[in-house]
Amino acid sequence: MTRRVAIFISGGGSNMVSLVDSMTGDHPARPCLVISNQPDAGGLAKASAKGIPTAVVDHRPFKGDRAAFEAELARVVDAAKPDILCLAGFMRVLTEGFVSRYEGRMLNIHPSLLPKYRGLNTHARALEAGDAEHGCTVHEVTPELDDGPILGQARVPVLPGDTPDSLAARVLVEEHKLYPAVLRRFASGDRSPIYLP
Ligand code: GRF
């Protein structure tokens, strides 16, 4: 049975594009929705150009009422009947209420080697710490931020002269390999972690 995947974005959606482009042929999943909290997210046009249904639930009218925002988000998401939810550059922190609704079938990609550097500014923090390597992690989403079971990691070297931007760009290349690989394995029912390289 083909698994239906809803992808959450807030910006350009480069990870979304990688995921959508990977779901072809004998892949056990297909995209059913790309949804954003940002009406002007560049990824929405990219999804539409690929024939993927899109939706926007702008968080701003809810004026900080997270429960009301998430109730509308869930209503729109559930209408697409997804089996798997992928957060891909989605920049809203989701409450336990929303996460528990989808726990066990919601994934996220985070730009660090978790459990190191949960939260924001991961590349700058890795540089400040003088780390020799950095990377990205795909994990199951649980109520604790950036804390769920790890489904995959990709490592990159930190190079002399790296800036947060140069390091982020090197990590992003690996994100585009890791997330599709993890999604394919996860959609086939296999939760064993993938480590790249
Ligand atoms: C990426 O760095 C990813 O690690 C983080 O959001 C950033 C932008 O992702 N989750 P995208 O280009 O919008 O997919």
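Phenylalanine 8 is buried in this predicted model, its relative accessible area being 0%. The residue belongs to strand S1, which spans residues 3-9, and its ring offers a starting point for following the aromatic contacts of the chain.

A search of the whole structure yields 4 aromatic pairs. In one of them, phenylalanine 8 meets phenylalanine 98, with 6.4 Å from centre to centre and 80° between the planes. The arrangement is edge-to-face, because an angle over 60 degrees falls in that class. This contact bridges distant parts of the chain: phenylalanine 98 sits in helix H4 (residues 96-102), 90 residues away from phenylalanine 8.

Phenylalanine 98 has a relative accessibility of 3% and therefore counts as buried, given that the cut-off is under 20%. Its ring also pairs with that of tyrosine 102, the two centres lying 5.0 Å apart. Here the planes stand at 55°, so this pair is tilted. Both phenylalanine 98 and tyrosine 102 are part of helix H4, where a separation of 4 residues corresponds to about one turn of the helix. Tyrosine 102 is likewise classed as buried, at 1% relative accessibility.

The contacts described above belong to a wider arrangement. Ring pairs join Phe8, Phe90, Phe98 and Tyr102 into a cluster. Within this cluster, Phe98 is paired with Phe8 of strand S1 and with Tyr102 of its own helix, H4.

Technical notes
Residues numbered from 1 in each chain as written. Predicted model: local features only at pLDDT ≥ 70, side-chain atom pairs only at ≥ 80, totals over all residues. Heavy atoms only, no water. Phe/Tyr/Trp six-rings, centres within 6.5 Å; stacked < 30°, edge-to-face > 60°. Helix = DSSP H or I, 4+ residues; strand = E, 2+ residues; numbered from the N terminus. Buried < 20%, exposed > 50% of the residue type's maximum accessible area, 1.4 Å probe, protein only.
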